[in-house]
Amino acid sequence: MPVLEVKNLRKVFGENVILKSVDMQVSKGDVIVILGPSGSGKTTLLRCLNLLETPNDGEMNLCGKDYNLKKVTGKEKLEIRRKTSFVFQNYNLFVNKTVLQNVTLGLTLARKVKKEEAEKDGRDLLDRVGLTGKYDYYPAQLSGGMQQRVGIARAMAVNPEVVLFDEPTSALDPELVGDVLNVMKEFAKSGTTMVVVTHEMGFAREVANKVVFMADGVIVEQGEPHEIFDNPKEERTKAFLNRITNGSSGKEA
Ligand SMILES: Nc1ncnc2c1ncn2[C@@H]1O[C@H](COP(=O)(O)OP(=O)(O)OP(=O)(O)O)[C@@H](O)[C@H]1O
Ligand SMILES: [Mg+2]
């Protein structure tokens, strides 16, 4: 059974239909990469999956529990957010909190974990993302790549069922991308379930078990990385892949 499933997910902004009846399944341990042109709805889809945006229609099943997304309650939103966490393109760290505080806040405030316990877990996670000794730094004292690794540690701290990454490396200088991708790869190898919007093709080929191609608010095609990259069936997928492998999207390092 999938850990997260959505059916008929629909999101409208004003007059614009941004997601048109999207169906998606995420199983435990999946690493799903979502690709697609700018404006196709990738960020909106991720934000709907953890209810940062409220969908206009759709059903969700998360860890065996059903939600009607059209009339999801505040309590249900919190429940969904507790099981999913988000890694933002621009890190979204608290600038006036230390690295360790950024990682532990979700535990001490939202989940009432004891401070000492949260700090121990926080330090362990920061060690895992290569930030030993940086616990008391403030975000502004770190490189973008380090800040994003704090963002990943924070997302992992709450022990989520699924981690949603929205272009986690696209704001970084090229030389900082590798360390962030390596951290993501390590978490993937240890069984973390991930949905990742990225145009890092190497990561998609090597780490993902499924690639989803979106355009104009629909899932055009999905499959194993080699199927999508080496043998795409849909014209829109072929055209998109040609464009990014020729480097014209501006998003490929
Ligand atoms: N809060 C909002 N209000 C109105 N329109 C929005 C909002 N958020 C997104 N949109 C619109 O929805 C469409 C999809 O946006 P989205 O950010 O999901 O695309 P994307 O695939 O993530 O693009 P990119 O690759 O540039 O990040 C765009 O046309 C965008 O202008
Ligand atoms: Mg986006």
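Just after helix H1, Leu51 takes a positive phi of about 65°, a handy place to start reading this predicted model. H1 itself spans residues 42-49 and is mostly covered, with six of its eight residues buried. From there, the points below move through the neighbouring loop, other backbone spots, the cores and the overall picture.

**Around helix H1**
- The buried residues of H1 are Lys42, Thr44, Leu45, Leu46, Cys48 and Leu49, so a lysine is on that list along with three leucines.
- Lys42 also turns up among the contacts of Leu35, once the sequence neighbours of Leu35 within four places are set aside.
- Following the chain onward, you will meet Asn56 in the loop between H1 and strand E4 (57-62).
- Asn56 is partly exposed, with a relative accessible area of 35%.
- Leaving aside neighbours within four places in sequence, Asn56 is in contact with Arg10, Lys11, Val12 and Lys70.
- If you would like a distance to check, Asn56 and Ser27 are 29 residues apart in sequence and 24 Å apart in space, C-alpha to C-alpha.

**Two more positive phi values**
- Asn8, which lies in strand E1 (residues 4-13), has a phi near 55°, a positive value in a residue other than glycine.
- Asn8 is partly exposed, and its relative accessible area is 26%.
- Glu167 has a positive phi too, near 40°, and is likewise a residue other than glycine.
- The place to look for Glu167 is the loop between strand E7 (162-166) and helix H6.
- Glu167 counts as buried, at 8% relative accessibility, because the cut-off for buried is under 20% relative accessible area.
- Between Glu167 and Asn90 the C-alpha distance is 8.9 Å, although 77 residues separate the pair in sequence.

**Nonpolar cores**
- In soluble globular proteins, nonpolar side chains tend to be buried together.
- Here, the largest nonpolar core has 50 residues, and those with the most contacts inside it are Leu35, Leu126 and Ile152.
- Helix H6 (residues 174-189) gives the most to this core, contributing seven residues.
- Another core, of 29 residues, lies apart from it and includes Ile34, Leu62, Phe88 and Met214.
- Leu35 is a good residue to click on: beyond its neighbours within four places, its contacts include Thr198, His199, Met201, Val211, Val212, Phe213, Met214, Phe229, Phe240 and Leu241.
- Met214 therefore deserves a second glance, as a member of the 29-residue core that is also in contact with Leu35, under the heavy-atom cut-off of 4.5 Å.

**The whole protein**
- The secondary structure comes to nine helices and 10 strands.
- With a radius of gyration of 18 Å, close to the 18 Å that the globule rule gives for 253 residues, the protein is as compact as a globular protein of that length.
- Along the principal axes, the C-alpha atoms fill a box of roughly 55 × 45 × 35 Å.
- Buried residues make up 51% of the 253 residues.
- Among contacts with a separation of 6 or more, 63% join residues 24 or more positions apart.

**Surface and charge**
- The protein exposes about 12,000 Å², and carbon and sulfur atoms supply 46% of that area.
- For your electrostatics notes, there are 35 positive and 34 negative side chains, and the centres of the two sets lie 5 Å apart.

Key: Residues numbered from 1 in each chain as written. Chains lettered and ligands numbered in written order. Predicted model: local features only at pLDDT ≥ 70, side-chain atom pairs only at ≥ 80, totals over all residues. Heavy atoms only, no water. Helix = DSSP H or I, 4+ residues; strand = E, 2+ residues; numbered from the N terminus. Rg over C-alpha atoms; globule rule 2.2 N^0.38 Å. Buried < 20%, exposed > 50% of the residue type's maximum accessible area, 1.4 Å probe, protein only. Areas by Shrake-Rupley, 256 points an atom, 1.4 Å probe, with all protein chains shown as cover. Lys, Arg positive; Asp, Glu negative; His and termini not counted. Charge placed at Lys NZ, Arg CZ, Asp CG, Glu CD. Core = buried A, V, L, I, M, F, W, Y, C linked by side-chain atoms within 4.5 Å.
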